[in-house]
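Q: I am new to this structure and would be grateful for a close look at one part of it. Please begin with a pair of packed helices and then place it in its surroundings.

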Amino acid sequence: MNYVTPTLSFNVNGNEAKRLLSTAWLFKTATHRMLSIAKQSPVLPATDIGWKNTFRRVIYEVMPNRRYVDGVIVLVRGIYESCRQLGVNFKEVELGNWLMFQQTEKEYPVRNITLKQGYEFHITTIDYNGNSDRVIIKPTIPKNYKLLLDKILEDKQKHTARIVIKDYGIRKSRLWVHGEIQVTIPIDFYHKHMVRYRRNYGRLYGGVDVNSDRINLAIVDGEGRLRGIYTFWFRETTARGCPRRRARSVIGMKVHEMLKYAYYHGVKMLFLERPDVLGRLRLLWIRNGKRLHKNYNWKVATFRSSIIEMITMKAPLYSIKVGYVDPRGTTSSKEHDEIMKKYRLDRHTASAYLIALKGLKLP
């Protein structure tokens, strides 16, 4: 994971909402067209330039903006490559119910979704007649992200950007749009400017077991002796009707709580289960509810992987290193059952302890 994507929420109405919505629909239409053509192609290019040379002209007929056209190409190629990694039939993949548009070309400033002083974003939009215009959006900026945006401007850091439409409708005869601006930056840049603790003198290790409603932490010494356990709950995120953004915020706070606890209890390295290789293919790009493998809960696996990625991203802010272990046998094995009985641990805490032992490569 080489990049991190802070999200900035916004609400607009009137002409700005209309132009953002038209751009998102044109982007989606262009993506559908390219996906349809790619599925019918007997052989697809092997290089970036090959994909662009093959598809730019036909996509430009729908989306008359070169940088957004390349954003469509990167998206569809990402789906194709992920299908190859996962053994999924590319010709059976369908797009989900999303509205967004993106510039995937890394540059400073990002020409189509441009960050300006005062935390403004000047965004290139396209109407249904193909006419281009710029709209200005001032999203809600969390306090901790203001420094990050200031440093992007100050250091002229190259990045990419995306607009995601989360909801829209009519209120008092005016169109409104609720969405997010997603700014993708190198993770090293994020760690450099968001770090909380620059030194870690701890000598202990931690095993982390991630579940849909909790994070279990088991702390061990270098010999594998259990030194402490703790469970960080976020049950409210599993309640029906809990907004996705609210759930992510709660989980993010619990991840920080877990990392701070680990730091102050002398943990210098955390071990996590290696997340399944999802590539760039997410439920967002597949029909909702479709399982790609028999007896495999794709939704839960994706959810757990996203939390593991979040821990991986934030651990360096506390000067804590991260390592991965093979997840096989960490939840159901003879060794797992023996640990539960010996230390009187529940199965999730026993899994965390076993992950720590596997990370230390102890029997």
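In what kind of crossing does H8 pass H9?

A: H8 passes H9 in a right-handed crossing, meaning that the near helix is turned clockwise from the far one by less than a right angle, whereas an anticlockwise turn would make it left-handed. The model is a predicted one, in which local features need pLDDT of at least 70 and side-chain atom pairs count only at pLDDT 80 or more, while totals for chains, interfaces and linings use all residues. Residues are numbered from 1 along each chain as its sequence is written, and side-chain values use heavy atoms, with hydrogens and water left out.

H8 comprises residues 334–343 and H9 residues 347–360; helices (H or I, at least four residues) and strands (E, at least two) are DSSP runs numbered from the N terminus. The two helices pack at an angle of about 115°, with their axes 9 Å apart. Axes are lines fitted to C-alpha atoms, for helices over the stretch in contact, and angles run from 0 to 180 degrees between N-to-C directions. H8 and H9 are therefore roughly perpendicular to each other, a term covering 65 to 115 degrees; under 35 is roughly parallel, over 145 roughly antiparallel and the rest oblique.

On the H8 side, the residues that meet H9 are Glu-335, His-336, Ile-339, Met-340 and Tyr-343. Their counterparts in H9 are Arg-347, Ala-350, Ser-351, Tyr-353, Leu-354 and Leu-357. Contact here means heavy atoms within 4.5 Å.

The wider setting is described by nonpolar cores, sets of buried Ala, Val, Leu, Ile, Met, Phe, Trp, Tyr and Cys residues joined through side-chain atoms within 4.5 Å. Buried means under 20% relative accessible area, exposed over 50%, and partly exposed in between (1.4 Å probe, protein chains only). The largest core has 92 residues, and Ile-123 and Ile-311 have the most contacts inside it. A second, separate core of 15 residues includes Ala-218, Leu-345, Tyr-353 and Leu-354.

Ile-123 also belongs to strand S5, where it is the bridge partner of Ile-113. Six of the seven residues of S5 (residues 120–126) are buried, so the strand is largely enclosed by the rest of the structure. Strands pair if DSSP finds at least two bridges between them. S5 runs antiparallel to S4 (residues 113–116), joined by four bridges, and antiparallel to S6 (residues 132–137), joined by six.
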